[in-house]
Amino acid sequence: MKMVEVAVIGTGWCGGIRALTLSQSSLVDRLHICEIRPERLAEVKEMTGAATATLDYQDIVNNPAIEVVYISTTPETTHYPIARDCLRAGKHVLLEKPIALELAEADDLINIAKQNNVKFTIGYSQRFNPKIAYAKKKITDGTLGQVVSVMVSRHLSRSLGKKIAGRVKLSPAAMESTHDLDFVFWLLAPAKPVRIYSQGAYGYMQPLNGSYDCMWSIVTMDNGVVVTIGGGWNLPPSYPNYCQTWIEITGVDGSLMLDDTARDHWLNTVEGGQQFAMSTMPGEHVDHVFAGQMGPETMHFLECCLRDKPPMVDPMHARMVMETYSAADLSAERHEPVGLPLSNSALAELAELQAALR
Ligand SMILES: NC(=O)c1ccc[n+]([C@@H]2O[C@H](COP(=O)([O-])OP(=O)(O)OC[C@H]3O[C@@H](n4cnc5c(N)ncnc54)[C@H](O)[C@@H]3O)[C@@H](O)[C@H]2O)c1
């Protein structure tokens with residue numbers, strides 16, 4: 001059986017999940033890990049039995065035996081330089097979202113991957129959520145007929161919101177609705193977004209880090225389908241990484257309602273109160289099974305590399321998603337709809353907006 005040497009750079013929450021998943025696979029010859037926090041590096045090395053553990057990602061870049069790299073670092077400013085160096089070194093790369101902070105950086109990564117003929121994908125884990133996969137199947141096999149509308153409402157706990165918005169000035173559209181834009185555009189392919197109107201609302205988070213609590217966006221597709229996406233991060237911290245999602249899809253011949261709110265199981269303890277177990281966006285290892293999407297997603301990418309198959313998420317699609325949530329930020333600021341793809345003047349305004357936020 002063919003096996004490969006694999007690395008995970010950044011072994012915090014998500015990188016820890018990816019490293020543990022890979023450590024359990026018979027497709028992985030040797031697992032290498034990299035993390036700048038020595039105590040976490042030691043913890044994940046112990047948990048995974050990694051062959052090597054380093055504080056410097058250049059050790060991964062410069063190791064020719066490593067073919068596949070998962071990049072799960074924060075802050076998100078690290079995504080572009082680390083992915084660029086790994087792709088330049090000829091490694092296949094799965095990079096967590098966001099693909100980059102600027103569209104030019106995303107283009108650069110996509111070009112390097114093409115030039116070096118390596119696989120490059122973005123961690124849009126929701127594609128591996130069985131409920132979303134079912135929606136794709138029911139649209140593709142014609143059960144719903146012509147799709148008319150899609151609505152996604154996603155809310156995260158405020159403790160998770162604080163963690164995310166505290167490290168980087170990216171909006172709920174860029175950090176949360178990005179997953180929903182990705183899978184909805186996938187569901188509706190080959191339709192493309194042509195216009196977006198977004199509004200942001202302030203509340204709990206503004207005094208902490210200046211962020212909106214929630215953003216709602218209406219996206220018009222080129223075939224007329226209307227997409228409504230809401231994303232927020234201000235739910236009370238009943239469970240630190242809690243995420244709940246409600247999805248409504250209507251079509252001419254049918255409709256599909258998906259309850260992904262994790263309300264079908266909850267844990268209540270005297271000490272911790274109510275907790276929504278198994279409700280995080282990536283999911284979690286539960287002994288011998290993985291409850292959620294990041295485990296299967298991690299293995300999917302490895303198998304694509306071994307079998308020379310295209311990964312589920314094309315980086316050009318991730319770029320389209322990035323352009324759309326960037327337009328959402330611009331629309332919320334201007335209080336008017338923004339056309340897609342972005343015009344040169346919209347791109348210039350976006351650059352000004354991003355510079356003001358930094
Ligand atoms: N797909 C999903 O469902 C999902 C869910 C949550 C987060 N994410 C994305 O995954 C990424 C990671 O999020 P997280 O919550 O795991 O973050 P985290 O902060 O828990 O972990 C990131 C780790 O990267 C390490 N790091 C930073 N710079 C490094 C470097 N140069 N070399 C090695 N390690 C370095 C940090 O020390 C930290 O341990 C984020 O970009 C986020 O957008 C995806």
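Student: Where in this predicted model does Pro-75 lie, and what makes its peptide bond to Thr-74 cis?

Tutor: Pro-75 sits in the loop that runs between strand β4 (66–71) and helix α4 (79–88), and the bond joining Thr-74 to Pro-75 is cis, with an omega of about 0°. Most peptide bonds, by contrast, are trans. A cis bond also joins Leu-340 and Pro-341, where omega is about -5°, and Pro-341 belongs to the loop between β17 (338–339) and α12.

Student: Why is α4, the helix that follows this loop, called largely enclosed by the rest of the structure?

Tutor: A residue counts as buried when 20 or more other C-beta atoms lie within 10 Å of its own, and seven of the 10 residues of α4 are buried, so the helix as a whole is described as largely enclosed. The buried residues are His-79, Tyr-80, Ile-82, Ala-83, Asp-85, Cys-86 and Leu-87.

Student: Which elements do the buried residues of α4 pack against, and what is the phi of Gly-90, which follows the helix?

Tutor: The buried residues of α4 pack against strands β1 (4–9), β4, β5 (92–96) and β6 (120–123), and against helices α3 (58–61) and α5 (103–115). Gly-90, which comes after α4, has a positive phi, near 80°.

Student: What makes the phi values of Asp-287 and Asp-308 worth a remark?

Tutor: Most residues other than glycine have a negative phi. Asp-287 is not a glycine, yet its phi is positive, near 50°, and Asp-308, likewise not a glycine, has a positive phi of about 55°. Asp-287 is placed in the loop between β15 (283–286) and β16 (289–292), whereas Asp-308 is found in the loop between α10 (294–307) and α11.

Student: How do you know whether Asp-287 and Asp-308 are buried or exposed?

Tutor: The exposed class takes residues with 12 or fewer other C-beta atoms within 10 Å. Asp-287 has 6 such neighbours and therefore counts as exposed, and Asp-308, with 7 other C-beta atoms within 10 Å, is exposed as well.

Student: Into which class does Ile-110 of helix α5 fall, and why?

Tutor: Ile-110 has 19 other C-beta atoms within 10 Å and is therefore partly exposed, since being buried requires 20 or more and being exposed requires 12 or fewer. Leaving aside residues up to four places away in sequence, Ile-110 touches Phe-120, Pro-315, Met-316 and Arg-319. Although Ile-110 and Arg-319 are 209 residues apart along the chain, their C-alpha atoms are separated by 9.1 Å.

Student: Why are α5 and α11 called roughly antiparallel?

Tutor: Their axes, which come within 10 Å of each other, cross at roughly 175°, and an angle over 145 degrees is taken as roughly antiparallel, so the two helices are assigned to that class. In their contact, Leu-103, Ala-106, Leu-109, Ile-110 and Ala-113 of α5 meet Pro-315, Met-316, Arg-319, Met-322 and Glu-323 of α11. By class, this contact has eight nonpolar residues, two charged residues and no polar residue.

Student: What makes α11 roughly perpendicular to α12?

Tutor: Helix α11 (residues 315–334) packs on helix α12 (residues 344–357) at an angle of about 80°, with the axes 10 Å apart. Because 65 to 115 degrees is the range for roughly perpendicular, the pair is placed in that class. Here Ser-326, Asp-329, Leu-330 and Glu-333 of α11 meet Ala-346, Glu-349, Leu-350 and Leu-353 of α12, and the contact comprises four nonpolar, one polar and three charged residues.

Student: Into which domains is the chain divided, and how many residues of each are in contact with the other?

Tutor: The assignment gives domain 1 (4–118 + 306–311) and domain 2 (127–281), whose C-alpha centres lie 26 Å apart. Six residues of domain 1 are in contact with five of domain 2, and the side of domain 1 that touches domain 2 has two nonpolar, two polar and two charged residues.

Student: Which residues around the ligand come nearest, and which helix gives the most to the shell?

Tutor: Of the 23 residues around the ligand, Gly-10, Gly-12, Trp-13, Cys-14 and Glu-96 come nearest. Helix α1 (residues 13–23) gives the most to the shell, with three residues, and the shell divides into eight nonpolar, nine polar and six charged residues.

How values were computed: Residues numbered from 1 in each chain as written. Predicted model: local features only at pLDDT ≥ 70, side-chain atom pairs only at ≥ 80, totals over all residues. Near = placed C-beta within 6 Å. Helix = DSSP H or I, 4+ residues; strand = E, 2+ residues; numbered from the N terminus. Nonpolar A, V, L, I, M, F, W, Y, C, P; charged D, E, K, R; others polar. Axes fitted to C-alpha atoms, helices over the stretch in contact; angles between N-to-C directions. Parallel < 35°, antiparallel > 145°, perpendicular 65-115°, else oblique. Contact = placed C-beta atoms within 7 Å. Domains from an automatic or database assignment.
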